[in-house]
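Visitor: I am new to this structure and would like to understand the terms used for it. Please show it to me, and then let us take the terms in turn.

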Amino acid sequence: MSKNTQPSGANDLDAVIIGAGFSGLYQLHCLRDQLGLRARVLEAGHGVGGTWFWNRYPGARCDSESHSYMYYFSKELVDEWEWSERYPQQPEILRYLNYVADRFALRSDIQLNTRVESARFEPGQQRWIVTTQQGDRFTARFLITAVGCLSSANIPNIPGLSEFSGKWVHTGQWPHEGVDFSGQRVGVIGTGSTGIQAIPVIAEQAAHLTVFQRTANYSIPARNAPLTTEFKQYAKQNSEEIRHVMNSNTNAHPFRIAQRQAAQTAAAQRQAIYEAAWQKGGLQFRATFDDLLLDEAANSTAADFIRKKIRATVSDPVKADILSDIDHPFAAKRPPIDSFYFETYNRSNVDLIDLRATPIERITERGIQTSTGEVVLDVIVFATGFDAMTGSLLKIQIEGKDGRTLKDEWRSGPRTYLGLQTPGFPNLFTITGPGSPSVLCNLPPAIEQHVNWITACIDHMRRHDLRQIEASEDASAAWVEQVNAAANATLLAKVKHSWYLGANVPGKPQVFMPYAGGFARYIDICNQVVANGYKGFQLSR
Ligand code: NAP
């Protein structure tokens, strides 16, 4: 980078970026091609793609609409790439990210099969020393984590798993050769977004499928379909407007939340609005009214509508009861969307077990033992989610300027300023880290905003001959309060068993992690911080 960071060898860099998913690829492009820095991406997988490299389970597809689940930084890229369906499938997204890697000649600065083990800040040199499991050592002025929010698999510690004689897999670590379910008795544990996508597809392939449901879930039909030529043209011709809409609303999706309240709308009209949104499909259902996440009475109108739909779809009344007995407000946990999920329970080869009534006791050699009996299985699929937001970061031994580790600093929950930095860890940036809107957003726009902010910050430092940036304690403490206040103003914080709070991982501190104040407001705050001379950060030579 600047004259005072003269690299002395191939592994002495301006920046190390960890992860080659959406975040890492764009961050490399910005640092290398816009700022001219020496940057390298270190990636554990044998290919680029991050989440979309690992999550290859049947039915894996994005819940964001394809024309919003892409980069917008390059108009040429927007014009060149063509999505085939309303919601892109995992292989298509992976093809897109590989296309981006080639299109911007990124591969030469991406080191695959390289898992970062530790990173230590050396205060004297003001550099990070990064080591990998493969034995490499790098030094860099900046360390940027692009490890994804949902990348550390959560495999529940159910006794007996090692005794199981069949095959077991976690959806987030899906074998690249695939899993052949034909003729198999399959058990799926988990009915979050992943399980809800995988269950209908596995049911079609397997001889028999048993779903083990702990918490019933809402889901809205995705209504996936091939994109028409007209829509593809519309998306390209209106890309600036689409980008503007995403960056000026709450969740970074390409649609606005209707400015009306369910609680103030007459029942018949409300019903018609929900019905139209149900027919249209997708996450937009959540945007029908602007009080759904603020007011329990308003929320229950949507929740009741969906429960009735479940009952109308599932013909077996016992299954319908189990599926519609939902214990949390609609969209207070991440709302799934589906392709024929509830319909799948009408198939004769699909059983449903309510783990609230009959919990899993152990895994046996032959299958899963619940309190009422043993279910014999050939394959167990864990659709049990992730150690979200902090899991992948804390697997790396990250040591700050006083020798304190990030794990210690975050013992009671992540403490960041804007989700970008943590006090005590100079020149470490986290893309879509805890404390940023991240998982509450359609992620690509959130990633672009973070990468652009970090790039501009590093450019500012370079132009002013600054070597070190660190979030202040005061600013971080105030930001953590803002993150808590934003969550507490919504129904999101009312759900005690949610991965937003870390409640899905035993022993994890229960702190609401993403910033729920809205993407547009967050962008504004980040811009104000810059306009006020990087207020809350300490910059030094
Ligand atoms: P998740 O939402 O955390 O769901 C995990 C499921 O496993 C829940 O039903 C959970 O039940 C169950 N479970 C966990 N441990 C269990 C245990 N010991 N015994 C029984 N059941 C257990 O995970 P996910 O479905 O993988 O989704 C995570 C996030 O990834 C989503 O919320 C979404 O943000 C993202 N995602 C996105 C897409 C997309 O865009 N297409 C697709 C998939 C995932 P409880 O609810 O009772 O804990």
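Guide: Let us begin with helix H5, of whose 13 residues 10 are buried, so H5 is largely enclosed by the rest of the structure. Please note that this is a predicted model, in which local features need pLDDT of at least 70 and side-chain atom pairs count only at pLDDT 80 or more, while totals for chains, interfaces and linings use all residues. Residues are numbered from 1 along each chain as its sequence is written, and side-chain values use heavy atoms, with hydrogens and water left out.

Visitor: What makes a residue of H5 buried, and which residues are buried there?

Guide: Buried means under 20% relative accessible area, exposed over 50%, and partly exposed in between, with a 1.4 Å probe and protein chains only. In H5, the residues that fall in the buried class are Ser-193, Thr-194, Gly-195, Ile-196, Gln-197, Ala-198, Ile-199, Pro-200, Ile-202 and Ala-203.

Visitor: Where does H5 have a kink?

Guide: The kink, of about 30 degrees, is at Ile-199, shortly before the proline Pro-200. The bend at a residue is the angle between axes fitted to the seven residues ending there and the seven starting there.

Visitor: What does H5 give to the shell around the ligand?

Guide: H5, residues 193–205, gives the most to that shell, with three residues. The helix itself is a DSSP run (H or I, at least four residues; strands are E, at least two), numbered from the N terminus. Around the ligand there are 24 residues, of which Arg-61, Thr-191, Thr-194, Arg-214 and Thr-215 come nearest; to be near, a residue needs a heavy atom within 4 Å.

Visitor: Why is the approach of Thr-194 to the ligand called a polar contact?

Guide: A polar contact is a pair of N or O atoms within 3.5 Å; within protein, one must be able to donate a hydrogen and the other to accept it, and residues adjacent in sequence count only if both atoms are side-chain atoms. A polar side-chain atom of Thr-194 lies 2.6 Å from an oxygen atom of the ligand, so the pair qualifies. For Lys-333, a side-chain N or O atom is 3.1 Å from a ligand oxygen, and for Arg-334 the distance from a polar side-chain atom to a ligand oxygen is 3.2 Å.

Visitor: Why is Thr-432 called buried, and Asp-465 partly exposed?

Guide: Thr-432 has a relative accessible area of 6%, and is therefore buried. Asp-465 stands at 28% and therefore counts as partly exposed. Thr-432 lies in the loop between strand S18 and helix H14, and Asp-465 in the loop between H14 and strand S19. Neither is a glycine, yet the phi of Thr-432 is positive at about 50 degrees and that of Asp-465 at about 55 degrees.

Visitor: How do you know that strands S1 and S2 pair?

Guide: Two strands pair if DSSP finds at least two bridges between them. Four bridges join S1 to S2, which run parallel, so the two strands pair. Ile-18, for example, has Leu-42 in S2 as its bridge partner.

Visitor: What makes S13 and S14 a pair?

Guide: Three bridges join these antiparallel strands, so S13 and S14 pair as well. Arg-362 has Gln-369 in S14 as its bridge partner, and a hairpin joins S13 to S14 through three residues.
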